[in-house]
Amino acid sequence: MSDLSRQRGYLRDAWLVILLALVFGGGLAGVQSVLSDKIAENKRQETYSVIPELVSGADATKTVELLIEGRNGKAARVYKVTASDGTHKGWVLPADGQGFADRVEVLIGLDATLSTITGLYVLEQKETPGLGDYITGETFRSRFRGKPTDGSLTVVKSDPQADNEIRALTGATISSESVAAIVNAALANMKGPMQEHGASPSEDSGLAPTAPEGRGD
Amino acid sequence: MKRDGPTALERFINGVLPENPVYRQLLGMCPTLAVTNGMKPAMTMAAATAFVLICANIIVSLIRGLLKPHLRILVFTLTIATFVTIADRFLAAYMYEMSKQLGPYVPLIIVNCLIISRCEICASKQSLGVAAADAVGMSLGFAAALASIATVREILGSGSWFGISVLPAAWPGWGIMVLPPGAFLTLVLLLGIAEWMSARRRRAPERQSETESECSLHGHAH
């Protein structure tokens, strides 16, 4: 009896909180569905603007956007990067995962054979200002440049001894490890399928729409 | 309904200067220090905060009769978080560059004590009109405070205002004003000036009455 009345008491107290949570949740879902396309388009434009920085010699207007099925069975967006004369220069692989505070979204630049990381760019993060948000800085991002993709990257707190070691940011070990984990997971998931795709370039056409201003000629 | 507190006009005026959130209440220090290195980010932050504050005050005032005392902070936080998320998504969609520049400081509006204190002090106790006037006044006060700090920092640090060059090109640009120490220095200086001015204003009538009474006391002696 007392249990039942106590439960009724909880509901009498909390109904407003529950109702507001439902109403606000619904409202936010609406806002997200209206704005998500616009936000995704903003991110795509930023991606195109940093492609030359991620893969040297790239011509962003020649970049082809592909959908490749990863090991986890889900189709993921990748960018096949070409120079202005049409030679295949490398890849840009978008990836995301949990950071210290919120989700972190990165772009991984890879060479044409997918054996080396050629660059890293942080597209979105909400890490601690003054500590974790230094993952967006050139100092940290450059530590990934030239790293091999055959093993997984490890974060160390001293100067790297081995080829697959990345030095953590001081005071932001979790943010540093998160970025490394995101890169590792994305490569483990996508490297094989991307290599297969690269080996049979005839599949290029049917898979996905190409860049809006790409392949004009 | 009985009148149970300051009127809408009083609330509005209080927010702008006499109870200025930054200079008198020292609330919202995180955005005050973090995003005032230029007028553009400062005014975007002021607008986002105003949007959240006005919406939260209106909602809280509308449901104030239903609030349970021990769950009210939860309801305030829920309401504030909702509007902060809307502001954050809106910036990401329509002001992408600014949204990247402000980074985590937009979601951090949730923990800006200015907003929750207005919900607690005013909106949960007073009618819609008073709560809205209070929110608008406080928002204007907050915007004015951010603008004053950002003006000093951007002009001295970058020689510009709203990105438009205002000092001759020969101006070296005091880098420190754009960096975090510049925020503390500027805030302390402006806060000191504000304190000094209000202390002088408080003293002025006293001194006047003192002089008058001295005159009347010693008038005959001299």
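Leu66(A) stands opposite Val78(A), a residue of strand β2 in chain A, where strands are DSSP runs of E of at least two residues and helices are runs of H or I of at least four, both numbered from the N terminus. This is a predicted model, in which local features need pLDDT of at least 70 and side-chain atom pairs count only at pLDDT 80 or more, while totals for chains, interfaces and linings use all residues. Side-chain values use heavy atoms, with hydrogens and water left out.

The pair just named belongs to a hairpin of chain A, in which β1 (residues 64–69) and β2 (residues 75–82) run antiparallel and are joined over six bridges; strands are taken to pair if DSSP finds at least two bridges between them. Five residues lie between these two strands, and in this hairpin Gly73(A) adopts a positive phi near 85°.

Turning to the interface, chain A and chain B each contribute 25 residues to the contact, defined by heavy atoms within 4.5 Å. About 2200 Å² is buried between the two chains, 73% of it from carbon and sulfur atoms, the buried area being the accessible area (1.4 Å probe) lost on putting two parts together, summed over both.

Two salt bridges are counted between chain B and chain A, each requiring a side-chain nitrogen of Lys or Arg within 4 Å of a carboxyl oxygen of Asp or Glu. One of them links Arg89(B) to Glu124(A), with the closest N and O atoms 4.0 Å apart. On the side of chain B that touches chain A, the elements giving two or more residues are α4 (72–94) and α5 (96–102) of chain B, and α4(B) gives the most, with 13 residues.

Methods:
Residues are numbered from 1 along each chain as its sequence is written. Chains are lettered from A and ligands numbered from 1 in the order in which they are written.
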